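Reader: I should like to go through the sheets, buried residues and empty spaces of this model. Please reason each point through before giving the value or name.

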Amino acid sequence: MPKTLFKVDLTKPMDQQELPGHNRWHPDIPAVVSVNPGDVFRIECKDWTDGQIKNDDSSDDIRDVDLTVVHVLSGPIWVNGAEPGDILVVDLLDIGALQGDEWGFTGIFDQKNGGGFLTDHFPNPAKAIWDFQGIYTSSRHIPGVRFAGITHPGLIGCAPSHELLATWNQREAELVRTAPDRRTYGAGLSGDQPVLAALPNPQNAILGTLPKSEYERVAAEAARTVPPREHGGNCDIKNLSRGTRIYFPVYVEGAKLSMGDIHFSQGDGEISFCGAIEMSGYIDLHVDIIKGGVEKYGMTNPIFKPGPVEPRYSEYLVFEGISVDEFTGKQYYMDVHIAYRRACLNAIEYLKKFGYTGEQAYLLLSCAPVEGRISGIVDIPNACATLAIPTEIFDKNILPV
C-alpha cells in the first residue's frame, strides 16, 4: 500500500486535523507535504461538507448544511521541480472508501440554500443514504436499485497564480453585478432565483497552515471552490475514475495540487447539486511533470485520458429533451441547459409510473451512472439533449410493454 501523506480523522473538522487542509483557492496557502516526480502516495479526504451530513433518515442536515464550509480539500501537495508553464501529470491509481466508513449520501438542497438543477420542481430538501458492498451500492431510501459505482474525485486541481485568481474574481464579480438582487452562495436566495456565482467569502475559510498574520488578507481574496475553472477544480466528471491520467496546467512553483469531494458514483450533470454519492475516502496517486507542456500543447484547461476500469452497462432507456420551457412553452434558440432539463424531467415523470416518488427519481438520476449527451446542436431552433438510464440497475423491467 502506498504511504499515506495526508491522513484525516473523521471525528474532527478539517481545521482541527493534524495536517489541516483548506476550502478556498489561493496561491499563498502553504503546501503541507511534498513529493517528487515519479512518486506514488495516498491522500485521504473528508466528505465535501466536512462531516455535516449524518447516516440517518432525516433530511434536516441537508436543509441546514452550511455552504460557507465547502469544499474541504486535502493538500496542497508540493511537487518538486514543477514550475509555471509545466504540465502536472496525475495518475489516479486507486480510489476507495475509508475503512469503517463505507457509506455515502445524495441530497436535494433546499431552494433557499443552493437548490439544484431542477429546484423549481423540487424546492424542498431530501436525502438518500447509500451502503457500499465492494463496488456495488444500494439505498434503503430508493428501493429496487443496485449498481456499480464509478468512484472519482469530484474536485482536483492545482493552485492558481495571483494573476489567474484576480481574473476569476473580476469576471465572476462582473457576472454577479448583472443581477445584484441575488445573494451570495451559501447565504440564501432572493425569492426563487438561483445565485450567479460564489464570490470570495471569509466566513469559515480554512487556509491550511497559513500564518494568522496573513489570514485576513488571503481569506478576503481566496476563490470559492464551487465551480470548475482553468486549473481544474470542481469539475464533477464521473469518468475521472481508477486508471485515469489527468494533465493539469501549472500556475505556481510546486504546482500545489489539492483534491477532495470524493464520489462513489455520479450521473452526468450531478443534477441535484449534492447529487453524487458523496463519501470520505482515499486516493492513490502517481505524479510526473512535462516541462513547458502548457505552451507545447496549447493547453488552457486540463485534459484527461479515462481509465479502463468502470462499469459497462449495455442496455439503456434514453429520454430526449428539447429547448422549450416546460412552464411557459416558450421556444429558446439552441439552449442545451433547457434541453437537458427537459430530458431529466421526462425521465423523472416516467420513473414515477414505476412507483418512485419524484424526489427518489431525481436523486437516482443524479447519482446513478446515467449518460448525458448533447445529441443535437445544429437543427434550429431546438437543441436536443438526451439522458440514458442503464436498465440493468433496476430489479424489475422498466421498459414500455
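The exchange below takes up strands, loops and spaces in turn.

Reader: Which strands stand at the edges of the open sheet of three strands?

Author: This is a predicted model. The sheet is open and antiparallel, with the order E20-E22-E21. Each edge strand has a single partner, so one side of each is left without a neighbour in the sheet. The edge strands are E20 (316–322) and E21 (371–376).

Reader: By what angle are neighbouring strands of this sheet turned against each other on average?

Author: The strands concerned are those of the order E20-E22-E21. With direction ignored, the average turn between neighbours is 25°.

Reader: Which residue in E22 stands opposite Tyr316?

Author: E20 and E22 (residues 384–390) are paired in the antiparallel sense, over seven bridges. In general, strands of a sheet pair through backbone hydrogen bonds. In E22, the residue opposite Tyr316 is Pro390.

Reader: At about what angle does helix H5 run to E20?

Author: Helix H5 comprises residues 336–352 and lies across E20, E21 and E22. Relative to E20, the helix runs at about 135°.

Reader: Is strand E5 largely enclosed by the rest of the structure or not, and how many of its residues are buried?

Author: Strand E5 covers residues 73–79, seven in number. The strand is largely enclosed by the rest of the structure, because the buried residues number six of the seven.

Reader: Which residue in E16 is the bridge partner of Leu73?

Author: E5 pairs in the parallel sense with strand E3 (residues 33–35) over three bridges, and in that pairing Ser34 stands opposite Trp78. Three bridges also join E5 to strand E16 (residues 257–263), and these two run antiparallel. In E16, Leu73 has as its bridge partner Gly260.

Reader: Is Asn201 buried or exposed?

Author: Asn201 belongs to the loop between helix H2 (162–177) and helix H3 (212–221). Leaving aside residues up to four places away in sequence, its contacts are Arg24, Thr68, Ala219 and Arg224. The relative accessible area of Asn201 is 16%, and the cut-off for burial is under 20%. Asn201 is therefore buried.

Reader: What distance separates the C-alpha atoms of Asn113 and Lys256?

Author: Asn113 sits in the loop between strand E7 (103–108) and strand E8 (126–133), and at 10% relative accessibility it counts as buried. Along the chain, Asn113 and Lys256 are 143 residues apart. Their C-alpha atoms are separated by 31 Å.

Reader: About how much space lies in the largest cavity?

Author: A search of the whole structure finds one cavity of 30 Å³ or more. The residues lining the largest cavity are His22, Arg24, Trp25, His26, Ile29, Pro76, Ala159, Lys256 and Ser258. By class, four of them are nonpolar, three polar and two charged. The space in this cavity is about 40 Å³.

Reader: How many charged residues does the lining of the second largest pocket have?

Author: The second largest pocket holds about 260 Å³ of space. Its lining consists of 16 residues, and Leu10, Lys46, Asp47, Gly51 and Ile53 lie nearest the centre. By class, the lining has six nonpolar and three polar residues, and the number of charged residues is seven.

Terms used: Residues are numbered from 1 along each chain as its sequence is written. This is a predicted model: local features need pLDDT of at least 70, side-chain atom pairs count only at pLDDT 80 or more; totals for chains, interfaces and linings use all residues. Side-chain values use heavy atoms; hydrogens and water are left out. Two strands pair if DSSP finds at least two bridges between them. Helices (H or I, at least four residues) and strands (E, at least two) are DSSP runs, numbered from the N terminus. Axes are lines fitted to C-alpha atoms, for helices over the stretch in contact, and angles run from 0 to 180 degrees between N-to-C directions. Contact means heavy atoms within 4.5 Å. On a 1 Å grid over the protein atoms alone, a cavity is a set of points where a 1.4 Å probe fits but cannot get out, and a pocket is an open set with protein on both sides within 12 Å along at least five of seven lines; lining residues have an atom within 4 Å of a point. Grid points are joined across faces, edges and corners, and a volume is the space filled by probe spheres set on the points. Ala, Val, Leu, Ile, Met, Phe, Trp, Tyr, Cys and Pro count as nonpolar, Asp, Glu, Lys and Arg as charged, and the others, Gly among them, as polar. Buried means under 20% relative accessible area, exposed over 50%, partly exposed in between (1.4 Å probe, protein chains only).
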